[in-house]
Amino acid sequence: SRTGRSEEPLLLAELKPGRPHQFDWKSSCETWSVAFSPDGSWFAWSQGHCIVKLIPWPLEEQFIPKGFEAKSRSSKNDTKGRGSPKEKTLDCGQIVWGLAFSPWPSPPSRKLWARHHPQVPDISCLILATGLNDGQIKIWEVQTGLLLLNLSGHQDVVRDLSFTPSGSLILVSASRDKTLRIWDLNKHGKQIQVLSGHLQWVYCCSISPDCSMLCSAAGEKSVFLWSMRSYTLIRKLEGHQSSVVSCDFSPDSALLVTASYDTNVIMWDPYTGERLRLLHHTQLDPPMDDSDVHISSLRSVCFSPEGLYLATVADDRLLRIWALELKTPIAFAPMTNGLCCTFFPHGGVIATGTRDGHVQFWTAPRVLSSLKHLCRKALRSFLTTYQVLALPIPKKMKEFLTYRTF
């Protein structure tokens with residue numbers, strides 16, 4: 001059931017990097033970013049020391065219990081013959097901070113890569129963007145592991161990356177140089193806009209699934225919401241007491257969540273700017289002394305693919321799973337030094353990255369969405385809050401459709 005305490009997340013698998021001899025192991029080994037391709041067939045792991053691993057999903061069967069195979073490849077996975085995808089190692093030459101897969105497939109890109117890279121087969125290709133320590137963004141073709149483009153413009157670390165979900169190959173990058181930049185990969189990576197206004201390092205950028213809005217969090221108390229149509233600032237969301245470091249939109253674009261060092265996640269209506277809910281991260285075991293004030297500082301927040309759950313990673317060594325309607329977490333998993341989290345696009349699995357360069361895969365709640373929620377999700381994918389409020393329907397229905405019932 002959706003309410004009440006669910007099963008605690010089980011650790012499905014853990015990936016650890018092999019130790020390279022040429023590096024001091026302690027420096028630059030963090031996994032700042034993990035990502036699944038939108039079709040669920042690849043996993044990208046920034047494993048530290050400038051290396052990104054591209055791993056076909058699902059993992060080798062011995063890691064994953066029955067019932068957790070990705071639908072997209074479970075049938076093909078029975079035969080491990082020629083032509084099955086191989087794990088790839090991308091040496092980015094710099095510490096990798098941000099990762100983003102392009103939507104799949106991306107037909108407009110076909111001609112671009114074929115024209116500029118005759119050696120690349122003429123297929124619609126899945127792309128991985130990597131944001132680097134020196135401000136460069138490297139664009140890779142996933143199937144071949146080839147470097148396709150190098151985007152220059154940022155003056156400092158590229159901390160986060162986000163592709164428009166529509167498949168238009170517009171890429172947004174967030175940097176410590178306090179700007180966000182918009183790139184068009186269909187125009188050979190042309191920079192089409194610089195978004196200025198943040199006063200601190202930009203930590204996170206997230207594009208709404210309907211491609212209308214961009215949210216950015218920059219270690220400030222306010223969150224910026226931009227129009228993806230005009231690239232202008234729509235509004236600032238005020239409500240956090242400390243640096244905001246992570247943000248994510250719900251799958252229907254109707255909700256926005258932001259996570260802050262103030263130990264809170266705030267759920268917003270991005271259309272009206274209203275604060276709908278506050279999720280407070282209380283500690284399970286109080287520390288023996290008061291030395292570490294920021295023990296529950298949040299690092300990452302993300303929505304589940306059906307939009308009924310959230311996952312958060314905090315410095316108090318816990319991965320938490322929250323149900324949309326409830327104010328307290330429904331499940332916890334012990335997790336040391338967590339930095340990032342993301343859901344598998346078909347549900348059932350959460351990937352987390354740590355300061356030690358490890359990746360952990362956890363079981364996530366599997367739920368059949370109610371018909372009510374499916375209708376809400378379908379409607380909210382193309383109706384703004386104001387459009388819903390203008391409908392000639394009962395008030396209770398409007399409250400449900402605008403997530404005002406909890």
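Hi everyone, let me start with one residue: R181 is buried, with a relative accessible area of 11%. Before I go on, please keep in mind that this is a predicted model.

So who is the partner of R181? The side chain of D177 forms a salt bridge with R181, and the closest N and O atoms are 3.8 Å apart. D177 is buried as well, because its relative accessible area is 17%, and buried here means under 20%. If you are new to this, side chains of opposite charge can pair when their charged atoms come close.

How many salt bridges does the count come to? The count comes to 7 salt bridges. Let me show you another one, between K53 and E87, where the closest N and O atoms are 3.8 Å apart. K53 sits in strand β4, residues 51-56, while E87 sits in the loop between α1 (71-74) and β5 (88-91), so this pair ties together parts that are 34 residues apart in sequence. Is K53 buried or exposed? At 17% relative accessibility, K53 counts as buried. Its partner E87 is partly exposed, with a relative accessible area of 47%.

Now please turn to R299 and D315. Their side chains meet in a salt bridge, at 2.9 Å from N to O. R299 belongs to strand β22 and D315 to the loop between β23 and β24, so the pair ties together parts that are 16 residues apart in sequence. D315 counts as partly exposed, at 29% relative accessibility. There is also a network: salt bridges that share partners join D269, E274 and R404.

Those strand names bring us to the sheets. Which order do the strands around R299 follow? The sheet is open and has 4 strands in the order β22-β23-β24-β25, with antiparallel pairing. At its edges stand β22 (298-303) and β25 (331-334); each has a single partner strand, so one side of each is left without a neighbour in the sheet. On average, neighbouring strands of this sheet are turned by 15 degrees against each other, ignoring direction.

Let's look inside that sheet for a moment. Strand β23, residues 309-314, and strand β24, residues 318-323, pair in the antiparallel sense over 6 bridges. If you want a place to point at on the screen, find V313, which stands opposite L319 in β24.

Next, a residue from the loop between β21 (275-280) and β22: S297. S297 is buried, with a relative accessible area of 2%. What does S297 touch? Leaving out residues up to four places away in sequence, S297 touches Y261, T263, A314 and D315. We met D315 a moment ago as the salt-bridge partner of R299. S297 and D316 are 19 residues apart in sequence, and their C-alpha atoms are 7.5 Å apart in space.

Finally, let me take you to another open sheet of 4 strands, with the order β6-β7-β8-β9 and antiparallel pairing. Why is one side of β6 and of β9 left without a neighbour? β6 (96-101) and β9 (147-151) stand at the edges and have a single partner strand each, so one side of each has no neighbour in the sheet. Here the neighbouring strands are turned by 20 degrees against each other on average, again ignoring direction. Strand β8, residues 137-141, pairs with β9 in the antiparallel sense over 4 bridges. In that pairing, I137 stands opposite L151 in β9.

Thanks for listening!

Note on methods:
Residues are numbered from 1 along each chain as its sequence is written. This is a predicted model: local features need pLDDT of at least 70, side-chain atom pairs count only at pLDDT 80 or more; totals for chains, interfaces and linings use all residues. Side-chain values use heavy atoms; hydrogens and water are left out. Two strands pair if DSSP finds at least two bridges between them. Helices (H or I, at least four residues) and strands (E, at least two) are DSSP runs, numbered from the N terminus. Axes are lines fitted to C-alpha atoms, for helices over the stretch in contact, and angles run from 0 to 180 degrees between N-to-C directions. Buried means under 20% relative accessible area, exposed over 50%, partly exposed in between (1.4 Å probe, protein chains only). Contact means heavy atoms within 4.5 Å. A salt bridge is a side-chain nitrogen of Lys or Arg within 4 Å of a carboxyl oxygen of Asp or Glu.
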